[in-house]
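Hi everyone, thanks for making the time. I'd like to walk you through a structure that's probably new to most of you, so let's put it up on the screen.

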Amino acid sequence: MFRSIALTFVALFTLAGALPQQLVVERAGQPPRELSVVQIASLKPITQQAAIGNTDRSWTGPLLWDVLVAAGAVDPAKP
């Protein structure tokens, strides 16, 4: 399915004060890459909805794939 099955991705939040200021994306065999909250906020958001229990929930944000592409951790031409 995804080549990422064979890859190890670790996403860590680097905390500066009380709120995360950047996202560190690590891929095995490559140096860590950082995305600021501004870079993440500039990615196209989508809204997802799901029924959880008896309540409809929704959340908005970028797709994980888009975050990984923006960080340079994956090649968008090779999904």
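**A hairpin, a core and two helices**

Let's start with the hairpin: β4 and β5 form it, with two residues between them. In that turn, G53 has a positive phi of about 65 degrees. The strands themselves, β4 at residues 46–52 and β5 at residues 55–61, run antiparallel and are joined by seven bridges. If you want one pair to look for on screen, take I46, whose bridge partner in β5 is G61.

Okay, let me step back. What you're seeing is a predicted model. The chain has two helices and five strands, and reading along the sequence you get β-β-β-α-β-β-α.

How far should we trust it? The average pLDDT for the chain is 78, and 75% of the residues score at least 70. The confidence is highest in α2, at 92, and lowest in strand β1, residues 9–16, where the mean is 41. Over residues 1–16, in fact, the pLDDT is below 50, although this stretch does have 31 contacts in the model beyond near neighbours in sequence. So please keep that stretch in mind when you look at the picture.

Now, the inside. Which residues make up the largest nonpolar core? There are nine: L23, V25, L35, L43, V67, L68, A71, A73 and V74. Two elements, β2 (19–27) and α2 (64–71), each supply at least two residues of this core. The largest share, three residues, comes from α2.

Let's stay on α2 for a moment. Its buried residues are V67, L68 and A71. Why do they sit on the same side of the helix? Because they cover an arc of only 95 degrees around the axis of α2. As a reminder, an α-helix has 3.6 residues a turn, so residues three or four places apart point the same way. Just after α2 there's another glycine to look at, G72, with a positive phi of about 80 degrees.

Back to the core, and to L35. Leaving out residues up to four places away in sequence, L35 touches Q22, L23, I40, V67, A70 and A71.

That list brings us to I40, which is found in helix α1. Is I40 buried or exposed? Neither, really: at 21% relative accessibility, I40 counts as partly exposed, because the cut-off for buried is under 20%. With residues up to four places away again set aside, I40 touches L23, L35 and P62. You can also line I40 up with G61, our hairpin residue from earlier: these two are 21 residues apart in sequence and 8.8 Å apart in space, C-alpha to C-alpha.

Helix α1, residues 37–41, also holds V38. V38 is exposed, because its relative accessible area is 62% and exposed means over 50%. The C-alpha atoms of V38 and Q21 are separated by 8.9 Å, with their positions 17 residues apart along the chain.

Last, a few totals for the whole chain. Buried residues make up 14% of its 79 residues. The accessible surface comes to about 6000 Å², and 59% of that belongs to carbon and sulfur atoms. Among contacts with a separation of 6 or more, residues 24 or more positions apart account for 24%.

That's my tour, and I'm happy to take questions.

Notes
Residues are numbered from 1 along each chain as its sequence is written. This is a predicted model: local features need pLDDT of at least 70, side-chain atom pairs count only at pLDDT 80 or more; totals for chains, interfaces and linings use all residues. Side-chain values use heavy atoms; hydrogens and water are left out. A nonpolar core is a set of buried Ala, Val, Leu, Ile, Met, Phe, Trp, Tyr and Cys residues joined through side-chain atoms within 4.5 Å. Buried means under 20% relative accessible area, exposed over 50%, partly exposed in between (1.4 Å probe, protein chains only). Helices (H or I, at least four residues) and strands (E, at least two) are DSSP runs, numbered from the N terminus. Contact means heavy atoms within 4.5 Å. Two strands pair if DSSP finds at least two bridges between them. The arc is that of the directions from the helix axis to the C-beta atoms. Accessible areas come from the Shrake-Rupley method with a 1.4 Å probe; for residues, only the protein chains shown count as cover. pLDDT is the predictor's confidence in each residue, from 0 to 100.
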